[in-house]
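Subject: Structure handover

Hello,

Here is the structure for you to look at. Please open it first, then read the notes below.

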Amino acid sequence: MMKKNLLLILMCFVCGLVYAHDGLNFRNLDVKSGISDNYVRSVLRDQYGFMWFATLNGLNRYDGYQFKKYTTTQLGAYNNDIESIAEDAAGNIWIKGPVSYYIYDREQDKLENKIQPVLNKYGITGEVSYLTVDKDYNLWCTVMDTLFHYDFAKSKLHTFQLPGKEKMQQVVCRRSCAYLLFSNGEIARIDSNFQHIRPETRRTISSGLQYNLYIDTVDRLWFYASHASGLQCYDTNQKQWIDYVGRQEVTDALITAVMDDGDGNLWIGTDDKGVYISYNQDKQLVRINKKSENPFSLADNHINCFFKDNQNTMWVGTGKQGVSFAALDKIAFNTCFLPEQEDVKCLQEDKEGNLWMGFDGEGLIRQDAGKASYTRFKMKKHSIPSDLIICSCLDAKGRLWFGTYGGGAFYEQGGTFIPLRNAAPASLKYIRRIAEDANGTIWFGTFMQGLYAMDADGNFTAYTMDSSILQTNSIMDLAYSGGRNLYVGTSSGLYSMDIYTRKMVPLTGNKAGTQSLPDSYITCLFYDSRGLLWIGTRTGMTVFDEKKDGMIHLSIEDGLSHQCIRAVTEDKYKNIWVATDHGITNIWVAASPTGKSSSYLCYPYFEEDGIGDMTFNSHSITCTGQGEILMGGIGGYLKITPRPTDFYNRSGNPVVFTDLLLANQKMEVGSRTSNGRILLPKNIQLLEEITMDYSDSNFALEVSSMDYQNRHKQQFAYRLGEQEEWVKLEGNRIHFNRLSYGTFRLQVKVYEPNGYDNPVSSLLIHVRPPFWLSLPAYGCYALMVIFLFLLILGTVVKRIKLYNKLIANVI
């Protein structure tokens with residue numbers, strides 16, 4: 001009976017952690033974002049970086065800020081349904097409707113149904129019944145029983161006579177290896193020299209289904225019927241149908257799309273189960289689906305299509321919620337929520353690798369290494385002195401220390417909690433921070449009672465306003481350098497304590513007196529493996545290099561997500577992670593070639609990047625033995641798995657001019673102004689210059705770098721002329737109000753707070769002068785002057801003649 005009750009008690013304490021989402025952070029575009037329909041059938045990123053979405057209600061072009069819709073009913077189609085879209089190596093964008101094919105006329109920015117003139121340029125004649133672009137961006141077409149293949153790299157057309165009476169349904173080709181799928185289930189191969197069509201293999205098919213073929217990056221063929229179960233894999237090297245990772249798990253799934261992510265991993269879209277990813281190298285299957293509690297999960301489980309762009313972003317077209325997209329190579333954030341939504345005040349691993357979390361009012365929990373369950377410890381049922389856990393520290397003896405608000409300090413060792421009530425001073429109750437030095441001394445920083453040191457024999461020494469140079473008893477943080485110095489941050493300044501002499505000195509700047517701390521209110525401290533002291537304040541981050549006697553201050557202008565710093569730690573790649581009042585920041589320290597100074601590259605992450613709307617707590621941060629960064633907040637904690645190349649992800653994309661606006665009205669290609677002028681004779685992306693009138697006192701240009709992952713934190717800079725200063729732009733619209741007449745070279749780039757030079761895009765702007773300052777006006781002025789001169793001259797001549805006549809009469 002006692003064993004049964006004990007088991008019940010343990011079951012009450014052991015619960016599962018709830019993880020908010022998987023490793024990929026998705027964002028979504030739907031009708032609320034501006035897309036014309038939530039049923040997305042095909043996706044494309046073109047050579048300029050625009051995203052294209054084929055929907056049931058038209059074709060949408062997206063520049064990261066706005067959508068533009070293209071329709072086909074004006075071209076004779078009975079509706080605006082678009083089935084697919086693709087771009088070839090020449091930049092031609094081909095669109096398939098239910099009945100006809102269309103091509104995008106980029107110069108005039110419109111769709112055209114007259115595709116034959118373009119095909120004629122490549123030697124393809126006749127009425128096309130099938131058209132596709134392969135993975136090499138080459139063009140395939142069928143006309144009657146003839147198959148055409150145009151190789152853009154070689155400017156060469158190949159022609160094949162299709163065998164038999166069976167209809168060819170699909171062509172797939174990658175690295176010049178092409179396969180044909182016929183209506184009877186036969187799969188044929190075109191050899192590498194593009195000379196012959198040879199039978200390869202055959203599958204049994206059912207009538208009424210649409211069968212599809214896909215070739216991945218490791219030369220496997222994938223065969224399936226849309227919206228039906230059964231995905232089969234054929235190894236073209238082994239010449240046989242093979243098993244694959246996750247085949248049994250997806251046996252009953254209704255397959256809608258497959259896509260290789262570039263590393264041989266297959267994304268499998270289903271009709272109602274979301275996405276399966278078959279990892280070829282890791283030999284595992286992962287399912288990604290919609291989670292209503294997670295705003296960064298897949299938006300919909302009804303998958304229509306995939307598209308992986310050249311920025312390593314996977315786009316997922318869905319049947320009910322538009323399109324979701326996620327970066328495949330960026331840091332993944334996992335927001336871990338606890339069932340009770342506790343306020344996580346501290347996180348600490350013990351020597352066994354178990355994770356301990358302290359809560360502000362709910363005691364402690366221990367999550368055992370490698371397990372998702374945890375055990376709770378509270379004051380009423382265990383010997384901990386308080387449920388208000390504020391801080392933690394693991395000492396050299398393996399003791400795990402905890403500081404509380406009102407209950408003093410205690411430590412855990414061997415499963416037992418040992419308080420310091422009897423040995424500690426009565427004033428040592430409200431503890432904010434704990435640290436250990438090389439002497440084995442445990443240091444306690446309190447809320448309002450100063451600093452205390454407990455030596456190895458258990459003797460305490462107090463450092464307060466009355467007994468030291470401290471200007472306040474409010475200790476904010478402690479950081480031990482590993483050598484002689486213990487750094488003490490307070491609400492009124494920073495101090496350095498020699499742990500051997502116990503001499504404390506204020507640290508207000510460098511020794512040379514050339515640099516100083518910009519803020520005396522210290523929010524947090526961290527001493528890294530390089531010997532740099534990171535000093536968090538309410539106005540940014542100051543980095544102190546004691547060896548080089550240098551200080552540098554980092555702010556929002558340098559890339560910090562927010563000026564109020566809450567917690568700092570270092571990952572296993574020696575990159576710094578910072579929790580702030582708005583988002584987090586990853587800082588990479590780059591040593592200069594001379595060794596005299598270092599540069600600090602800041603990359604911020606916000607809610608849109610997948611960290612969620614979490615408020616982070618002061619000092620609640622740790623780097624685990626597995627290299628994960630944990631940041632505690634209200635209701636849970638954020639888990640980050642850093643990668644060495646992810647410290648800064650600059651797109652390097654050139655800026656594209658996307659729209660011209662006059663008096664806040666967008667100007668379309670060929671449209672006329674109120675006085676009959678055409679400002680855009682062709683698409684603005686193809687123009688090197690525009691001409692405006694002096695009377696166009698209010699016009700604007702919109703730009704985009706097509707960096708869809710970082711759009712929410714991207715900023716542009718522009719200038720009118722190479723000798724002018726760069727001006728940072730809010731948003732993506734550059735306004736011009738009463739620009740003086742003349743010629744200006746507008747230059748635009750993505751602004752980088754770390755000083756990187758991104759590609760600069762230019763556009764010449766000619767502003768014609770007002771009529772009274774124009775050449776015709778000057779001609780009129782000249783004629784008027786000449787006329788006036790002649791008039792005066794004629795008058796003078798007449799008067800002279802009259803005068804001479806009068807003189808002659810007098811004589």
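Which side chain meets that of D693 in a salt bridge? The partner is R677, with 3.2 Å from N to O. Keep in mind that this is a predicted model.

Salt bridges

Let us stay with that pair. D693 sits in strand 62, residues 689–693. R677 sits in the loop between strand 61 (665–666) and strand 62. The two parts are 16 residues apart in sequence, so the salt bridge ties them together. Both D693 and R677 are buried. Elsewhere, R61, K68, D109 and E668 belong to one network, joined by salt bridges that share partners. The count for the model is 30 salt bridges.

Look next at R106 and D46. Their side chains also form a salt bridge, at 3.2 Å from N to O. R106 is in the loop between strand 10 (101–105) and strand 11 (110–112). D46 is in the loop between strand 4 (40–45) and strand 5 (51–55). The parts they sit in are 60 residues apart in sequence, so this pair ties them together. R106 and D46 are both buried.

Now take K378 and E362. The closest N and O atoms of this salt bridge are 3.0 Å apart. K378 lies in the loop between strand 36 (373–377) and strand 37. E362 lies in the loop between strand 34 (355–359) and strand 35 (363–367). The pair links distant parts of the chain, 16 residues apart. Are these two buried or partly exposed? K378 has a relative accessible area of 26%, so it counts as partly exposed. E362 is partly exposed too, because its value is 34%. Buried would need a value under 20%.

Two open sheets

One open sheet has four strands in the order 37-38-39-40, with antiparallel pairing. Its edge strands are strand 37 (389–394) and strand 40 (416–419). Each of these pairs on one side only. Neighbouring strands are turned by 25° against each other on average, direction ignored. Inside this sheet, strand 38 (residues 400–404) pairs with strand 39 (residues 409–413) over four bridges. Which residue of strand 39 stands opposite W401? Find Y411 there.

A further open sheet of four strands has the order 41-42-43-44, and its pairing is antiparallel. Strand 41 (431–436) and strand 44 (460–463) are at the edges. Each has a single partner strand, so one side of each has no neighbour in the sheet. The twist from one strand to the next averages 20°. Five bridges join strand 41 to strand 42 (residues 442–446), and the two run antiparallel. Here I434 stands opposite F444 in strand 42.

A buried histidine

H158 lies in strand 15, residues 156–161. Its relative accessibility is 10%, so H158 counts as buried. What does H158 touch, leaving aside neighbours within four places in sequence? The contacts are L147, F148, H149, D151 and F194.

A nonpolar patch

Last, turn to helix 3, residues 775–810, and find L790 there. L790 is partly exposed, because its relative accessible area is 49%. Exposed would need over 50%. L790 helps make a nonpolar surface patch of about 570 Å². The other members are L783, I786, F789, L793 and V797.

Best wishes

How values were computed. Residues numbered from 1 in each chain as written. Predicted model: local features only at pLDDT ≥ 70, side-chain atom pairs only at ≥ 80, totals over all residues. Heavy atoms only, no water. Patch = residues over 30% accessible without salt bridge, like charges linked within 9 Å, V, L, I, M, F, W, Y side chains within 5 Å. Areas by Shrake-Rupley, 256 points an atom, 1.4 Å probe, with all protein chains shown as cover. Salt bridge = Lys/Arg side-chain N within 4 Å of Asp/Glu carboxyl O. Buried < 20%, exposed > 50% of the residue type's maximum accessible area, 1.4 Å probe, protein only. Contact = heavy atoms within 4.5 Å. Pairing = 2+ DSSP bridges. Axes fitted to C-alpha atoms, helices over the stretch in contact; angles between N-to-C directions.
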